[in-house]
Each structure stands twice: as structure tokens, then as C-alpha cells.
Amino acid sequence: MKHIKQVYPKHPSPCNCMNIRRASRAVTQFYDEVLKSCGLTIAQLALLRRLETAERITISELAKRLRIDRTTLNRNMKPLVDAGLIAVNPGKDSRTRQVSLTEPGKDAADKGWTLWGEAQSELKEYLGEEDLAKLVQLLSKLEALVP
């Protein structure tokens with residue numbers, strides 16, 4: 001577990017939402033650290049991976065599938081467009097734009113996916129199989145709060 005240095009016990013907040021947000025930020029930072037060498041964040045990798053299966057998709061549909069708002073999506077897309085990893089082109093009408101993955105984007109997603117696998121393994125080792133399975137079940141239940 002080369003990326004997990006030490007266990008730091010944290011005092012839980014009396015607010016469940018705050019505990020979940022703190023844990024979410026910690027997990028995001030962990031994945032971002034593992035992905036650092038490929039130049040992607042976990043949010044950017046998720047976007048690239050979604051585009052691999054979607055071919056051309058509108059920004060609105062992509063935001064819906066990623067379960068994030070359009071503003072956040074646009075902010076996450078900008079460095080990917082600037083790096084030439086994704087392309088944004090006019091859609092079927094003047095009000096829409098379509099997003100697609102470029103060849104360099106496919107290569108970046110492949111490199112990121114390999115590192116993501118390392119992060120997955122490290123997290124599984126850190127939490128243990130049983131706790132990880134419980135966590136996944138609880139997160140699914142929490143996500144269902146807002147369909």
C-alpha cells in the first residue's frame with residue numbers, strides 16, 4: 001500500500017453529512033494522488049471513461065450520466081479540451097454541443113485506468129473485503145436518496 005502512509009484516526013462529526021463529505025474528499029485525494037503520474041484527476045478519468053462508451057454525446061446528457069451539474073462538468077472538461085484529450089463540437093442544433101474522446105484521450109484513459117486499478121487494490125487491502133462490500137452497499141443506499 002505505497003500510497004497509504006499511515007492511519008490517522010479522525011474524530012467524527014455529529015453531522016452525518018459532514019462525515020460523508022470528509023470521507024469523500026479523502027478518497028478523492030487518495031485517487032488523485034495515485035493518478036498524478038498520468039496527469040489526470042479521478043473526476044477527469046471518470047469523464048474520459050464515460051466518453052469511451054458514449055462516442056458522441058451532448059454536454060447535458062453527459063452531465064446527467066455522470067450525475068453532476070453542467071457547470072462542474074464544463075469546469076472539468078476545460079483542461080481536457082486544452083490538452084486535446086476531448087473534442088467539443090456543434091450538436092444537431094445550434095443549442096447543443098457534443099463531446100467526444102480523441103485518440104490522445106483514449107491513450108490517457110488507458111494509462112489512468114491502469115493506475116485506477118492500483119488505487120482500487122490498495123483501497124481494498126486497506127479496508128478489507130468485508131468492510132469494502134459493506135461500504136459499497138451503504139453508498140448505493142445513500143445515492144438512492146436522490147433518484
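**Exercise 1. A salt bridge of D93**

Which side chain meets the side chain of D93 in a salt bridge, and at what N to O distance?

Solution. The model is a predicted one.
Step 1: the partner of D93 is R95, and the side chains meet in a salt bridge at 3.4 Å, N to O.
Step 2: a salt bridge requires a side-chain nitrogen of Lys or Arg within 4 Å of a carboxyl oxygen of Asp or Glu, and the D93 and R95 pair has 3.4 Å.
Step 3: D93 is partly exposed, at a relative accessible area of 31%, whereas R95 counts as exposed, at 75%.

**Exercise 2. Other salt bridges**

State how many salt bridges the whole structure holds, then describe the bridges of E33 and E143.

Solution.
Step 1: a search of the whole structure gives 8 salt bridges.
Step 2: E33 pairs with K36, at 3.5 Å from N to O. E33 has a relative accessible area of 41% and is partly exposed, while K36, at 56%, counts as exposed.
Step 3: E143 pairs with R67, at 3.3 Å from N to O. E143 lies in helix α6 and R67 in the loop between α3 and α4, so this bridge ties together parts that are 76 residues apart in sequence.
Step 4: both ends of the E143 and R67 bridge are partly exposed, with relative accessible areas of 44% for E143 and 47% for R67.

**Exercise 3. The backbone at R67**

Find the sign of phi at R67 and place the residue in the fold.

Solution.
Step 1: most residues other than glycine have a negative phi.
Step 2: R67 is not a glycine, yet its phi is positive, at about 60 degrees.
Step 3: R67 sits in the loop that joins α3 (59-66) to α4 (70-82).
Step 4: for a residue of helix α3, take A63. A63 counts as buried, at 4% relative accessibility. The C-alpha atoms of A63 and N74 are 9.1 Å apart, with these positions 11 residues apart along the chain.

**Exercise 4. Aromatic pairs**

Classify the aromatic pairs of the structure, of which there are 2.

Solution.
Step 1: a pair of aromatic rings is described by the distance of the centres and the angle of the planes. Planes under 30 degrees apart count as stacked, and planes over 60 degrees apart as edge-to-face.
Step 2: for F30 and Y31 the ring centres are 5.6 Å apart and the planes stand at 90 degrees, so the pair is edge-to-face. Both F30 and Y31 are buried.
Step 3: for W113 and W116 the centres are 4.0 Å apart and the planes are at 10 degrees, so this pair is stacked.
Step 4: W113 and W116 are 3 residues apart in helix α5 (residues 103-127), a separation of about one helical turn.
Step 5: W113 is partly exposed at 35% relative accessible area, and W116 is partly exposed at 23%.
Step 6: W113 has a further contact, as R49 lies over the face of its ring, 3.6 Å from the ring centre.

**Exercise 5. A nonpolar patch**

List the residues of the nonpolar surface patch that has about 540 Å² of accessible area, and name the element that gives the most to it.

Solution.
Step 1: the members are I20, L135, L139, L142, L145 and V146.
Step 2: helix α6 (residues 129-143) gives the most, with 3 residues.
Step 3: L145 belongs to the segment after α6. At 67% relative accessibility, L145 counts as exposed.

**Exercise 6. The whole chain**

Give the order of the secondary structure elements and the extent of the C-alpha trace.

Solution.
Step 1: the chain has 6 helices and 3 strands, which run α-α-β-α-α-β-β-α-α from the N terminus.
Step 2: along its principal axes the C-alpha trace spans about 50 × 35 × 20 Å.
Step 3: of the 147 residues in the chain, 25% are buried.
Step 4: an unreviewed UniProt entry carries the annotation "domain: HTH marR-type" for residues 13-144. Over residues 13-144 the chain is 71% helix and 9% strand, with the end C-alpha atoms 23 Å apart.

Methods: Residues numbered from 1 in each chain as written. Predicted model: local features only at pLDDT ≥ 70, side-chain atom pairs only at ≥ 80, totals over all residues. Heavy atoms only, no water. Phe/Tyr/Trp six-rings, centres within 6.5 Å; stacked < 30°, edge-to-face > 60°. Buried < 20%, exposed > 50% of the residue type's maximum accessible area, 1.4 Å probe, protein only. Helix = DSSP H or I, 4+ residues; strand = E, 2+ residues; numbered from the N terminus. Lys NZ or Arg CZ within 6 Å of the ring centre and 35° of its normal. Patch = residues over 30% accessible without salt bridge, like charges linked within 9 Å, V, L, I, M, F, W, Y side chains within 5 Å. Areas by Shrake-Rupley, 256 points an atom, 1.4 Å probe, with all protein chains shown as cover. UniProt positions renumbered as here; feature names shortened; annotations may be inferred.
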